[in-house]
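Reader: I have a model open on my screen. Show me how to read it, please.

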Protein chains: 2
Amino acid sequence: MERSFFHQHLQFSRSFTKKLNEQLAEVGLYHSQWLLIYYLKEFETATLVDISNYLDVEKPTITRTVNRLEERGLIRKVPSKDRRERRIGLTEKGNEVYGEAGKVVKSFEQSLMEGMQETEIVSTIRTIQLLKKKLN
Amino acid sequence: MERSFFHQHLQFSRSFTKKLNEQLAEVGLYHSQWLLIYYLKEFETATLVDISNYLDVEKPTITRTVNRLEERGLIRKVPSKDRRERRIGLTEKGNEVYGEAGKVVKSFEQSLMEGMQETEIVSTIRTIQLLKKKLN
DNA sequence: GGCGTATAGTTACTTAGGTAACTAATTATG
DNA sequence: CATAATTAGTTACCTAAGTAACTATACGCC
């Protein structure tokens with residue numbers, strides 16, 4: 001039973017990101033790029049470490065994703081006193097893509113949540129948070 | 001709220017596989033290799049398509065993982081009438097590693113499940129299965 | 001102030017997962 | 001029976017995520 005749980009969980013994660021990637025392909029993004037853009041929209045500017053901590057993803061992964069977004073002109077450098085850090089923010093184009101992608105993600109998630117019981121979702125979130133806490 | 005749910009979910013998956021990989025490193029496996037070996041133990045022999053369908057992972061991914069396990073001598077070729085297919089099974093060494101890894105995985109999952117409410121887990125599995133079904 | 005430590009990022013290398021396009025073998029069909 | 005369609009697997013190339021080891025800058029402290 002325990003194994004079944006984690007198995008189900010891993011399969012769902014893969015299917016979910018796969019489908020989300022398919023949806024986001026319309027606006028030329030991958031799901032991890034979307035998460036990063038979403039974060040930048042909310043916090044305006046950030047360092048790579050900020051993003052790494054927030055998304056709970058290692059720094060080298062963030063470096064790569066940021067590089068790709070910068071090459072595509074969605075991200076800009078923001079001056080900073082601390083010369084170690086690389087502070088970034090969205091460009092105009094980045095803001096536009098945020099808007100487009102936002103619609104896509106919203107409708108995707110709504111279609112998935114449609115008809116789900118509120119209490120089931122809340123309970124599931126609680127369980128997952130608890131398990132995540134136990135991992136550390 | 002919806003976004004929070006998926007966000008939590010993705011983070012948990014990453015943390016989970018990360019920790020599972022750490023545990024399995026003791027016996028020299030990655031979590032995806034473990035899933036494949038587990039499947040082969042249960043079904044004795046299988047084609048790559050069988051595995052692909054069961055794990056819900058694309059064929060090229062299976063090809064790579066199988067190649068690695070074969071190079072390490074954990075998997076052997078099994079003769080087949082259909083000359084298109086590559087039928088495989090565990091070697092002696094593969095069986096040994098299965099045993100060692102099995103203990104590691106079991107104790108890891110038990111430590112994670114310890115103290116969890118049975119009803120919460122059941123409810124969570126149901127929710128995840130439902131969401132996965134809606135993805136298709 | 002200088003030196004040791006901590007922090008921010010990067011580089012190189014690993015596995016994992018995906019798509020697209022391909023080969024080879026089998027099955028279906030006209 | 002010959003040809004078309006399907007199936008099994010592979011190859012090439014993409015992003016994602018991880019670890020280990022590294023550089024460069026900033027900070028703490030004696």
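Reader: Which residues are closest to DNA strand C?

Author: A residue is near a strand if one of its heavy atoms lies within 4 Å of it. Here 27 residues surround DNA strand C, and the closest are A:Val49, A:Lys59, A:Arg86, B:Ser32 and B:Arg64. This is a predicted model: local features need pLDDT of at least 70, side-chain atom pairs count only at pLDDT 80 or more, and totals for chains, interfaces and linings use all residues. Residues are numbered from 1 along each chain as its sequence is written, chains are lettered from A and ligands numbered from 1 in the order in which they are written, and side-chain values use heavy atoms, with hydrogens and water left out.

Reader: What polar contacts does A:Lys59 make with DNA strand C?

Author: A polar contact is a pair of N or O atoms within 3.5 Å. A polar side-chain atom of A:Lys59 sits 2.6 Å from a base nitrogen of DNA strand C. At B:Glu58, a polar backbone atom is 2.8 Å from a phosphate oxygen of the strand.

Reader: How do the residues of the surface near DNA strand C divide?

Author: Ala, Val, Leu, Ile, Met, Phe, Trp, Tyr, Cys and Pro count as nonpolar, Asp, Glu, Lys and Arg as charged, and the others, Gly among them, as polar. The surface near DNA strand C has 15 charged, 6 polar and 6 nonpolar residues.

Terms used: Polar contact = N/O pair within 3.5 Å; in protein donor to acceptor, adjacent residues only side chain to side chain.
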